[in-house]
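Here's a quick look at one chain fold, strand by strand. Have the viewer open as you read.

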Amino acid sequence: MQRIMIGFGDADAFYSSAEVVRRPWLKGVPLGVLGNQGACVIARSYSMKRFGVKVGEPIWEAREKCPEGVYVKRDFRWYESLSRRMLGELGLFSSDRRIPLHR
């Protein structure tokens, strides 16, 4: 009998979690990741979500809702690096090597 293992990986709040990996002091701090021009929130931590800050919200509105939050500019190279590492680790659990978990 063949065993099948099914897993689920949730990368919700990935960008803000990636910033915490780089800056551990941000753990638990309301954190918003800003887009290219720094004008809107493209990701936020769970603690910032509790303040009602939404993805796509302009920074000035986010600051009104969460003035004690920390807002950082996005770094897609860093997120890609961590994403590849995460997918590589998940690939260790796959018995079917035909499934490309990373490039």
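Strands here are DSSP runs of E, at least two residues long, and helices are runs of H or I, at least four residues, numbered from the N terminus. Two strands pair if DSSP finds at least two bridges between them. The model is predicted, so to speak of local features takes pLDDT of at least 70 and side-chain atom pairs count only at pLDDT 80 or more, while totals for chains, interfaces and linings use all residues. Residues are numbered from 1 along each chain as its sequence is written, and side-chain values use heavy atoms, leaving out hydrogens and water.

Start with the hairpin: β1 and β2 have six residues between them, and Gly38 in that turn shows a positive phi of about 75°. The wider picture is an open sheet of three strands, ordered β2-β1-β3, with mixed pairing. β2 (41–44) and β3 (70–73) sit at the edges with a single partner strand each, so one side of each lacks a neighbour in the sheet. From one strand to the next, the twist averages 30° (axes are lines fitted to C-alpha atoms, for helices over the stretch in contact; angles run from 0 to 180 degrees between N-to-C directions).

Here is how β1 (residues 31–34) pairs up:

| Pair | Direction | Bridges | Partner of Leu34 |
|---|---|---|---|
| β1 and β2 | antiparallel | three | Val41 |
| β1 and β3 | parallel | four | Lys73 |

Helix α1 (residues 14–22) lies across β1, β2 and β3, at about 110° to β1 (contact means heavy atoms within 4.5 Å).

As for disulfides (cysteine sulfur pairs within 2.5 Å), the whole structure has zero.
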